[in-house]
Amino acid sequence: MVADTDQDVIEGCQRGEEAAFRELFESHKDKVYSIALRFSGDPVAAMDIAQDTFLKLMDRIGQFRGDSSFDSWLYRLVVNSCMDHRRRQRRVFPVIEEFFDSFRSPDPTALDHLMRDEMQQQVQEVVAKLAPEHRIVIVLRYTEGLSYEEIADALNCSRGTVASRLNRAHKILERRLSSLAQGTRKTK
Amino acid sequence: MKQEDLNNHGLERALEKHLASVSAPDNLWNYVRGPLVRPERKAPVWMGWAAAVASLAVIAGGWVMWQIAQPPQSVEAVAVNALGTNTSELPLHTTDATAIRKWIKAESGIDVPLPPKHDSLVQIIGARIVPAQVEGASARVAEISYQVGDYRAALLIAKDPSGKTVYPKHEVRSSDPFQQARVSSWSMRGQSYTLAWSAPGEFRVACLLCHSTTPPPSI
């Protein structure tokens, strides 16, 4: 199951060939960096997460046996690095904010404003404030376009858990973005 | 289409747009292959607490060991200290001489020949067993606190360390002022006695604990 990445490249990495690793890096750097950036919301932190991911990749490539796809294996590494980074930057505020958000009511029409470019930063900030388990499913779903099954595989959980977390994350985002959009309109 | 579906659709479109994949910076390769620089991690808070608790345990253990290693005070010093003992510090708190005698016998094996009745001026406070140096040897000492009139007194009894004193009468070893109190020690029937008296005047008043009907000894 290594059709998504050249078997020769992986074997070259397993033999410790620098050129093979560089090729593997070039093939997957955007994917790794994008997840790291969308998860952390911080370019500097994203560099750290990406670095950690590729160091883990180099360290563990010998353990990759091709039982699952290389992409799935790599997603697990990125997710682990994201969670490790989160543990180092542990915050309690996301949980508290989610709790208070549950009392806000969404504005049905306000989401139209989200398509505006000036909202991009706000969307990313709101996503960055989600609890890590909600944030990672959103990032894998919308940054990488993964299916529920692929997300479940990367997170080592059930498809039902993924669906539940996505549903919960959608509701939280809807409430937060609605109140942001309302605030934007009032100031104009 | 329901309003909720419209909202979800709009939200998903917004997320797809604003969370889209990006290109990695050009210097990422150098960053990955360069020297690994990690921010210095602070020690977790629990480690600080654990270290503090461990330090306290070491200090407390050291203090206990030091206390154990220290030889107990002389029985004279213990007797004088007993004059200021708070009654709440005594494990046995009673005015009953018979109860005192039984308790001391049970706790230390020392038999104190206390008469069941004593002079009305005497009021027994209580008793405890304490360590002390008796004639240069460590011993467990029975301490009886009592009051004669307005003054405190303490009688301390230990088994005679030498085991040779079989005198039926008081064999006075010393009778001197000691730290603003009067202290007298004697041996009798294989036991060592030390009496401390807090009043400046007549010392023999303190003997009323045991000698309310018989003449007090010449101490």
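**Figure 1. Strands E3(B) and E4(B) pair side by side in this predicted model.** Let us start with one pair of partners: Glu143(B) has Leu156(B) in E4(B) as its bridge partner. The two strands here are E3, residues 137-148 of chain B, and E4, residues 151-159 of chain B. They pair in the antiparallel sense, and seven bridges link them. Now follow them towards the turn, where Val148(B) has Tyr151(B) as its bridge partner in E4(B). E3(B) and E4(B) form a hairpin with two residues between them. In that turn you can find Gly149(B), which has a positive phi of about 65°.

**Figure 2. Strand E2 of chain B forms a hairpin with E3(B).** E2 covers residues 122-134 of chain B and pairs with E3(B) in the antiparallel sense over 12 bridges. Look for Val134(B), which stands opposite Ala137(B) in E3(B). Two residues lie between the strands of this hairpin, and Glu135(B) takes a positive phi near 50°.

**Figure 3. Strand E4(B) also pairs with strand E7 of chain B.** E7 is made of residues 191-197 of chain B. Its pairing with E4(B) is antiparallel and runs over seven bridges. To find your way in this view, pick out Leu155(B), whose bridge partner in E7(B) is Leu195(B).

**Figure 4. Chain A is a chain of helices.** While you have just been looking at strands in chain B, chain A has nine helices and zero strands. Read along the sequence, its pattern is α-α-α-α-α-α-α-α-α. Chain A has 188 residues, and 37% of them count as buried. Among its contacts between residues at least 6 apart in sequence, 71% join residues at least 24 apart.

**Figure 5. Helix H2 of chain A has a bend.** H2(A) consists of residues 18-40. If straight, a helix of 23 residues would span 33 Å at 1.5 Å a residue, yet H2(A) spans only 29 Å between its end C-alpha atoms. Where is the bend in H2(A)? Look at His28(A), where H2(A) bends by about 55°. Just after the helix comes Gly41(A), with a positive phi near 70°.

**Figure 6. Helix H4 of chain A reaches close to its expected length.** H4(A) has 19 residues, numbers 70-88, and runs 27 Å from its first C-alpha to its last, close to the 27 Å expected at 1.5 Å a residue. Several of its residues are buried, including Phe70(A), Trp73(A), Leu74(A), Cys82(A) and Arg86(A). The buried residues of H4(A) pack against helices H1 (7-14), H2, H3, H7 (132-142) and H8 (148-155) of chain A.

**Figure 7. Gln51(A) is in contact with residues of chain B.** Gln51(A) is found in helix H3 of chain A, residues 43-60. Is Gln51(A) buried or exposed? Gln51(A) is buried, because 21 other C-beta atoms lie within 10 Å. Its C-alpha is separated by 9.0 Å from that of Tyr33(A), 18 residues apart along the chain. Leaving aside its neighbours within four places in sequence, Gln51(A) is in contact with Tyr31(B) and Val32(B).

**Figure 8. Chains A and B meet.** Here 21 residues of chain B are in contact with 29 residues of chain A. On the side of chain B that touches chain A, helix H1 (3-18) and helix H2 (28-33) of chain B each supply at least two residues. The largest share, 11 residues, comes from H1(B). By class, this side of chain B has 11 nonpolar, seven polar and three charged residues.

Key. Residues are numbered from 1 along each chain as its sequence is written. Chains are lettered from A and ligands numbered from 1 in the order in which they are written. This is a predicted model: local features need pLDDT of at least 70, side-chain atom pairs count only at pLDDT 80 or more; totals for chains, interfaces and linings use all residues. Two residues are in contact if their C-beta atoms, placed from the backbone, lie within 7 Å. Helices (H or I, at least four residues) and strands (E, at least two) are DSSP runs, numbered from the N terminus. Ala, Val, Leu, Ile, Met, Phe, Trp, Tyr, Cys and Pro count as nonpolar, Asp, Glu, Lys and Arg as charged, and the others, Gly among them, as polar. Two strands pair if DSSP finds at least two bridges between them. A residue is buried if 20 or more other C-beta atoms lie within 10 Å of its own, exposed if 12 or fewer, and partly exposed in between; C-beta atoms are placed from the backbone. The expected span of a helix is 1.5 Å times one less than its number of residues. The bend at a residue is the angle between axes fitted to the seven residues ending there and the seven starting there.
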